[in-house]
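Here's a quick tour of a protein model for someone new to reading structures. Have a look at it first, and then we'll go through it topic by topic.

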Amino acid sequence: MSTPTLATVTASDRRWVLRFTRTERVAHWLQALTFLSLMLTGLAISLAPVEALIGHRSLLREAHLASALFFVFGPTLVALAGNRRAVAADAEDVDRWTDDDLHWLARPQLEPGPSTPPTGKFNAGQKLNAIFVAYSTFAFGLTGLILWQNRRFPTGVVSQANVIHTDLAYIALAVFLGHVYLAAVHRATRPALHGMVFGTVRREWAARHHVLWQGAPFESRLTAAAAVRAAFLFLVGSEVALLLVRALFEALGANPTDAVTGFVYALTALPATIGHHATGVGAFDLAALFWAGLIGALWIGLRRGQDVVARP
Amino acid sequence: MSDHPAPFPSHRIGRAAFLGLAALTTGALLAGRKLPSAGSLLGGGSNVDGFTIYTIANIPEVDPASFQLHVGGLVDEPRTYSYHDLLAMPAVHETRYFQCVTGWSVPHPRWTGVRLWDLVAASRPISDARALHVRCLDQAYTESLTLDQARQADVLLAYGLNGHPLSRDQGFPLRLVVPGMYGYKFAKWVNHVEVVDRVMPGYWEQNGYDVNAYIGHSNGV
């Protein structure tokens, strides 16, 4: 049995092939925009010359924290509310490395030639980038939480979190700039940008750059009902994420006078979780568990049979 | 996904790499409980004497010849001090671990200055006095101390750090030094010390930081 590939596509082929579904694109751009916001606000509150110029430290700090919530939870929630199959296939692709991937990494070639090891939907560099993004989202989130709630952790741990958060930011900035260069500037790789904006790339380009990739079927039109359902699922998922954040803050004993913490508390002040300070943490825990369960059930119920993108 | 079995022999590397990196990071965080921090490769901001410099407005440019420190409010005798008046007073040295709420620290900063309480006491606070309200030349930053906190002998208005006059970004000419409290209490460019009848939360305290800033004993941000 031979696996169908794009290898037989001719150079004059002007047709398009789907590379990224709507779900993958929305998740990507949500993470990209929140990253940009985090990088700008982060630099503005940590670089003295910039800070002296801009000021508004507390406002920028709140913008940083609010962006962080969407940076950490947003892409996952989009993936869950949309086409989970496409995202899971990408994750699988990034997880699996062939010997050819390792050979490619040893001698990366942005414009593939006859001796370039064949690659699938993602080449080894793109796989590394995806692993780094996933890792840095985790590490930024963890160290950021410790910095946010710094009085709740031992001084040494906070110090360490600060060092990791800062160094990782500089590394991520370098990776980000490299990514933007390859996606928007470099002649050989910039056709990929069309795929992340509109979903499709030229078959001819894909046949040279992603020889082993089969291409995905075209996605269906986005119906209003599916869009509303996905948006509603995203909101419901956000509520679960904020409840989890709040439950963590309750466990840490956080002070809700912080503006963003206060906002999280306000959004999660569902009936029976209000006024928990008077009734004790135990009451909040039970109520939060109830709400998380109810929202989770709602999610599963709404997901049944739902597919934003048509199946093959 | 099992829909499309990989057509070529492959190694499951991605998830392992992610988990390995995540475990490494968590380990490094936990190691912070025991080990001193290695220090950032590049630092989070401009680094002066080991301090990261934060400001909320412009860094004021101060002419020491015309600088005046005002001590007033609920006192019998409001007073004004020139920079040279302060230099002429008995100098006090204080060396104590400096800790910022954002995580970085300076192990042995050596402050030189005058005792805050000497200045306050000289103006004789009236019986209603409960706290100090400190204002700064950047027209933006404020801080607070209760009188009991301000009475401690190690609380200074410092004009020197590590044997040198304060630099502009470190608060020249005068910086509040409250050993044992988080760095945000160390207001820079201080020019007003006002005695008041209740604690007036300072700039960061209005933004959720603790009014009582003793390291390890204050509540969360």
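Are Lys121(A) and Glu24(A) buried or exposed? Lys121(A) is buried, and Glu24(A) is too. Keep in mind that you're looking at a predicted model. Let's start with that pair and its charged relatives, then move on to the cores, the strands and the surface.

**Salt bridges**

- Side chains of opposite charge can pair up when their charged atoms come close.
- Across all the chains, the count of salt bridges is 18.
- One of them joins the side chains of Lys121(A) and Glu24(A), with 3.1 Å from N to O. These two come from distant parts of the chain, 97 residues apart: Lys121(A) sits in the loop between α5 (99-106) and α6 (124-148) of chain A, while Glu24(A) belongs to helix α1 (residues 22-46).
- Another buried pair is Asp101(A) and Lys127(A). Their salt bridge has its closest N and O atoms 2.6 Å apart. Here two helices of chain A get linked, with Asp101(A) in α5 and Lys127(A) in α6, 26 residues apart.
- Arg208(A) and Glu111(A) also meet through their side chains, at 2.7 Å from N to O. Arg208(A) is in helix α9 (residues 203-209) of chain A and Glu111(A) is in the loop between α5 and α6, so this salt bridge ties together parts 97 residues apart in sequence.
- What about cover for that last pair? Arg208(A) counts as partly exposed because its relative accessibility is 34%, and Glu111(A) is partly exposed as well, at 42%.
- There's also a network of salt bridges with shared partners, and its members are Glu92(A), Asp95(A), Arg96(A), Arg12(B) and Arg15(B).

**Nonpolar cores**

- The largest nonpolar core holds 56 residues, and the ones with the most contacts inside it include Leu69(B), Trp111(B), Leu157(B) and Val193(B).
- Strand β12 (residues 156-161) of chain B gives this core its largest share, 5 residues.
- Apart from that core you'll find another one of 14 residues, with Ala27(A), Val78(A), Ile295(A) and Trp299(A) among them.

**Strands in chain B**

- Strand β6 (residues 92-95) of chain B has two faces: Val92(B) and Glu94(B) are on the covered one, whereas His93(B) and Thr95(B) are on the uncovered one.
- β6(B) pairs with strand β9 (residues 110-115) of chain B in the antiparallel sense, over 4 bridges. Within this stretch, Val92(B) stands opposite Gly113(B) of β9(B).
- Look for Asn191(B) in strand β15 (residues 190-196) of chain B. Why does Asn191(B) count as buried? Its relative accessibility is 11%, and the cut-off for buried is under 20%.
- Leaving out residues up to four places away in sequence, Asn191(B) touches Phe67(B), Gln68(B), Leu69(B), His70(B), Arg135(B), Cys136(B) and Leu137(B).

**Chain A and its surface**

- Chain A has 13 helices and 3 strands. Of its 312 residues, 46% count as buried.
- Take the contacts in chain A between residues at least 6 apart in sequence: 74% of them join residues at least 24 apart.
- About 14,900 Å² of chain A is exposed, and 70% of that comes from carbon and sulfur atoms.
- Trp29(A), Leu193(A), Val197(A) and Phe198(A) make a nonpolar surface patch of about 360 Å².
- Phe198(A) is in the loop between α8 (192-197) and β3 (200-202) of chain A. With a relative accessible area of 54%, Phe198(A) is exposed.

Notes
Residues numbered from 1 in each chain as written. Chains lettered and ligands numbered in written order. Predicted model: local features only at pLDDT ≥ 70, side-chain atom pairs only at ≥ 80, totals over all residues. Heavy atoms only, no water. Core = buried A, V, L, I, M, F, W, Y, C linked by side-chain atoms within 4.5 Å. Buried < 20%, exposed > 50% of the residue type's maximum accessible area, 1.4 Å probe, protein only. Contact = heavy atoms within 4.5 Å. Areas by Shrake-Rupley, 256 points an atom, 1.4 Å probe, with all protein chains shown as cover. Pairing = 2+ DSSP bridges. Patch = residues over 30% accessible without salt bridge, like charges linked within 9 Å, V, L, I, M, F, W, Y side chains within 5 Å. Salt bridge = Lys/Arg side-chain N within 4 Å of Asp/Glu carboxyl O.
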